[in-house]
Amino acid sequence: MCPPLGQDMIRSHRVYRQLADALAQQGIAVLRFDYYGSGDSAGDSAELDWARCRTDMVTAAGELRARSGCTRLIGFGARLGGSIALNAATAARLSELLLWDPVLDGSQYVVALDALQDALRADPMRFGEPRTYEDAAGQWLGFPVGAGLRRQLDTWRAEPLPMPVRVFDSLPPTAAHDWNLLLGDAVNVTELPTAASWDELDRLEHAILSPDLIRAVGDYLRVAA
């Protein structure tokens with residue numbers, strides 16, 4: 001299970017834990033992990049590196065194979081976790097990908113995060129007066145971001161893969177997204193009935209809960225097995 005980064009990782013942590021527990025109860029071997037520089041792993045947030053995240057994901061896939069003895073591995077990832085899963089799927093020898101609202105265009109996502117960061121800087125509900133640009137520089141929503149990771153994301157764009165990909169879509173209708181445009185016509189999409197509040201500034205401190213996702217992934221894997 002490839003976690004997202006930054007605030008998305010914090011806000012979706014409970015869903016990842018609940019999904020892992022639900023799949024384990026179905027008899028499915030699951031491995032959760034944190035990339036170097038994130039979560040409970042070593043390293044500082046400013047040291048997050050796209051290539052290292054990719055390597056960590058491949059290592060995690062090998063660890064799950066060794067521990068479970070399974071030969072068919074399915075990757076799961078939300079937001080940038082989905083991006084990392086897409087980027088590392090071939091190297092990790094995955095059979096299939098299940099992606100929850102994945103980021104497919106890194107350049108667009110950098111622009112969106114910059115806009116959210118600027119809105120946060122001047123948010124009167126959080127600050128008595130706007131923070132200076134200098135004070136808020138080098139951050140995305142409370143997390144330090146290194147120039148290297150920013151450059152790496154800015155040049156990344158998803159490409160179709162030679163494996164099944166299923167997207168679980170909980171983005172609001174107002175969010176522009178065309179899964180087929182970058183993932184190809186073979187991608188399958190499951191629409192979730194409740195929209196996730198990934199990019200809503202007034203929900204930044206709220207956990208993202210999605211029983212719809214947990215149910216949909218569990219049902220899909222129960223049939224696929």
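1. In this predicted model, helix 2, made up of residues 50-68, packs with helix 3, residues 80-88, at an angle of about 70 degrees, and the axes of the two helices lie 9 Å apart. An angle of that value makes helix 2 roughly perpendicular to helix 3. On the side of helix 2 the contact is made by Trp50, Cys53, Arg54, Met57 and Val58, while helix 3 contributes Leu80, Ser83, Ile84, Ala85, Asn87 and Ala88. Sorted by class, the residues of this contact between helix 2 and helix 3 are eight nonpolar, two polar and one charged.

2. A reader who turns next to the strands may begin with strand 5, residues 165-169, where five of the five residues are buried, so the strand is largely enclosed by the rest of the structure. Val165, Val167 and Asp169 point one way from strand 5, whereas Arg166 and Phe168 point the other way, and all of them are buried. The buried residues of the strand thus include Asp169 and Arg166 as well as Val165, Val167 and Phe168.

3. Strand 5 has pairing partners in strand 2 and strand 6. With strand 2, residues 96-100, strand 5 pairs in the parallel sense over four bridges, and Leu98 is found opposite Arg166 of strand 5. With strand 6, residues 188-191, strand 5 also runs parallel, and four bridges join the two; here Val189 of strand 6 is the bridge partner of Val167.

4. The loop between strand 2 and helix 4 deserves a separate look, and Pro102 is one of its residues. With a relative accessibility of 3%, Pro102 counts as buried. Leaving aside residues up to four places away in sequence, Pro102 touches Arg79, Gly82, Val167 and Trp179, and Val167 in this list is a residue of strand 5 that is itself buried. Pro102 and Leu86 are 16 residues apart along the chain, and their C-alpha atoms are separated by 9.1 Å.

5. Leu104 is found in the loop between strand 2 and helix 4, the latter spanning residues 106-121. Its relative accessibility is 8%, a value at which Leu104 counts as buried. Not counting residues up to four places away in sequence, Leu104 touches Leu86, Trp156, Arg157, Ala158, Trp179, Leu182 and Leu183. Trp179 is thus touched by Leu104 and also by Pro102. Tyr133, by contrast, is 29 residues from Leu104 in sequence and 28 Å from Leu104 in space, C-alpha to C-alpha.

Methods: Residues numbered from 1 in each chain as written. Predicted model: local features only at pLDDT ≥ 70, side-chain atom pairs only at ≥ 80, totals over all residues. Heavy atoms only, no water. Buried < 20%, exposed > 50% of the residue type's maximum accessible area, 1.4 Å probe, protein only. Pairing = 2+ DSSP bridges. Axes fitted to C-alpha atoms, helices over the stretch in contact; angles between N-to-C directions. Parallel < 35°, antiparallel > 145°, perpendicular 65-115°, else oblique. Contact = heavy atoms within 4.5 Å. Nonpolar A, V, L, I, M, F, W, Y, C, P; charged D, E, K, R; others polar.
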